[in-house]
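Thank you all for coming; I would like to take a few minutes to walk through one model, going from its interior outwards to some individual residues. Please have the sequence and the structure open as we go.

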Amino acid sequence: MPVDVAIVGGGISGLTAARTLCARGFAVRLIEREPACGGVIHTDAVDGFVIDSGPDTLLAHKPAALALVRELGLEGSLVAPHPRRTTYVVRDAGLRTLPETSALGLPTGWKTVVDATAFSLRGKLRMAAEPFIRPAPPADDESIASFVRRRFGREAVKYVAEPLLAGLHRGDPSRLSMRALFPFLARAERDHGSVTRAWQKMPARSGGGSGSMSLREGLSQIPRRMQSDLPPDVPITATAVVGIQRSGKEHRVLLQDGRELRARALLLATPAYATASLVSSLDAELARLCATIRYVPASAVALGFKRSDIADHLDGWGFVVPARERRRAVKSASWVSSKWPGRAPGDHALLRLSLDANVTIDMPDEMLVEWALADLRPLLRISGAPVLSRVYRRPRAMPQLEVGHLDKIAAIDRRLAEHGGLFVSAAGFRGVGLPDCIADAQKTAEQVEAWIRMCAAA
């Protein structure tokens, strides 16, 4: 007997879609190749340290993730970050401050840039002049570097756009899409003529922690609770999908263990490169479009120290390193225990470092730790050895939503429309962060439901 929906991929997108469709009474099977669902969400708890090796933040201005947390009964585990105070950027081999009140490092008024030490006087004057810069004519898309250069000047590209805005996505600011990744900044120029003016018209924000939340024991609580809440016959784990076929009005999903699932609708909640492989036998053009979405590797090192071994006050959330300032490998550092409560024993500090994965992805763990320490010691005045070190690496971790990405997704959606009952939803298609993936999976699940009900009524 066929099921209503087969979902391939048990990351946050697949779990969200399965949860939504099960709640609406559909027979669902969720296939995940790993022993447990969760995808890139992973938390290690070691000797009092709590390490989120993947995402660690739920953005409040994108409500889908926080709403899901509350639905799961995890609201009591929510924690707000410590007040931010400041974020730093490395310049001239030292830590310099970014504007304390900012939109992702970009100043929200001339007063916010005055005390920032990351920029020269000329750079500050150029950024403060942003409200007086004439908006560009409407364009289909442009890169992050192009947008920031037009609005805030060249120093903002070097010390904000490249290490911070593009750094969040491990990408090249001259290639990443402004419309796809930071649409609210693009809309600010379009609707108000200025990012600064738009920000100043928004409701006042209180404290540094109002824009983000996390969970006390790490974000792995979310996929664990979601998987355990599903009916026991829904998740099929530790089994890969080796092929999909269309047979009449059904989709046939061929599993590595020899089983075959038949489903009226098929949702691929897999990275674009995996989706390309799965659909290659159905639609060569759809496979080609999916394959053009690039992914880059990610390497990270988590280090725990005795707090007394770090002379720096760690008074902030961390720092980013522009390409021109990079020494060996560190691209950014999150002072995890300064940001989130309960992430390290009281007399210790936890740091998580993002590394240049193009250089480090194949290096031994010991070398990555050594390089990370070599970059950190002079910046934070570290005297002792770490009491904990963990290395995390993912060969194809970060989807690159490059200029023209939204047009590419529109073309993918047109191809999908030619295959009734075939859907996609995962990081790399219509977003990258947890809130975007959750929201898109919920929307896609609604489209699956509408398609099944339409077929039933026909």
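**Helix packing, cores and selected residues**

Let me begin with a pair of helices, where Ile 144, Ala 145, Val 148, Arg 149 and Phe 152 of α5 meet Arg 154, Ala 156, Val 157, Ala 161 and Leu 165 of α6. I should say at once that this is a predicted model, and everything that follows should be heard in that light. The axes of α5 and α6 are 9 Å apart, and the two helices pack at an angle of about 145°, with α5 passing α6 in a right-handed crossing.

This same pair brings us to helix α4, residues 121-128, whose buried residues are Gly 123, Lys 124 and Met 127. Those three sit on the same side of α4, because the arc they cover around the axis is only 100°. What do the buried residues of α4 pack against? Their partners are α5 (144-152) and α6 (154-165), together with β10 (106-107) and α3 (110-114). On the face of α4 turned away from that buried side we find the exposed residues Leu 121, Arg 122 and Leu 125.

Turning now to the interior, the largest nonpolar core has 40 residues, and those with the most contacts inside it are Ile 7, Ile 12, Val 28, Leu 58 and Ile 222. At least two residues of this core come from each of β1 (3-8), α1 (12-23), β2 (28-31), α2 (64-71), α10 (221-229), β15 (260-268) and α17 (434-457), and of these α17 gives the most, with 8 residues. If we take Ile 222 and leave aside its neighbours within four places in sequence, we find it in contact with Ile 12, Leu 58, Leu 68, Val 69, Leu 72, Leu 74 and Leu 215. Apart from this core lies another, of 32 residues, which includes Val 113, Ala 166, Leu 185 and Ala 198. As general background, nonpolar side chains in soluble globular proteins tend to be buried together.

I will next look at Gln 245, which is found in strand β13, residues 241-247, and which counts as partly exposed because its relative accessibility is 32%. Not counting residues up to four places away in sequence, Gln 245 touches Glu 250, His 251, Arg 252, Leu 254 and Leu 282. With Arg 252 there is a polar contact of 2.5 Å between the two side chains, while Leu 282, although 37 residues apart from Gln 245 in sequence, is 7.1 Å apart from it in space, C-alpha to C-alpha.

Finally, some loop residues. Is Thr 87, in the loop between β6 (78-79) and β7 (88-91), buried or exposed? Thr 87 counts as buried, because its relative accessibility is 19% and the cut-off for buried is under 20%. Beyond its neighbours within four places in sequence, Thr 87 is in contact with Arg 96, Thr 97, Leu 98 and Gly 318.

Most residues other than glycine have a negative phi, and with that in mind I would draw your attention to two loop positions. Asp 92, in the loop between β7 and β8 (94-97), has a positive phi near 55°, and at 58% relative accessibility Asp 92 counts as exposed. Arg 381, in the loop between α15 (365-380) and β20 (388-399), has a positive phi of about 55° although it is not a glycine, and at 48% relative accessibility Arg 381 counts as partly exposed.

Methods
Residues numbered from 1 in each chain as written. Predicted model: local features only at pLDDT ≥ 70, side-chain atom pairs only at ≥ 80, totals over all residues. Heavy atoms only, no water. Core = buried A, V, L, I, M, F, W, Y, C linked by side-chain atoms within 4.5 Å. Buried < 20%, exposed > 50% of the residue type's maximum accessible area, 1.4 Å probe, protein only. Helix = DSSP H or I, 4+ residues; strand = E, 2+ residues; numbered from the N terminus. Contact = heavy atoms within 4.5 Å. Arc of directions from axis to C-beta. Polar contact = N/O pair within 3.5 Å; in protein donor to acceptor, adjacent residues only side chain to side chain. Axes fitted to C-alpha atoms, helices over the stretch in contact; angles between N-to-C directions. Left-handed = near helix turned anticlockwise from the far one by under 90°.
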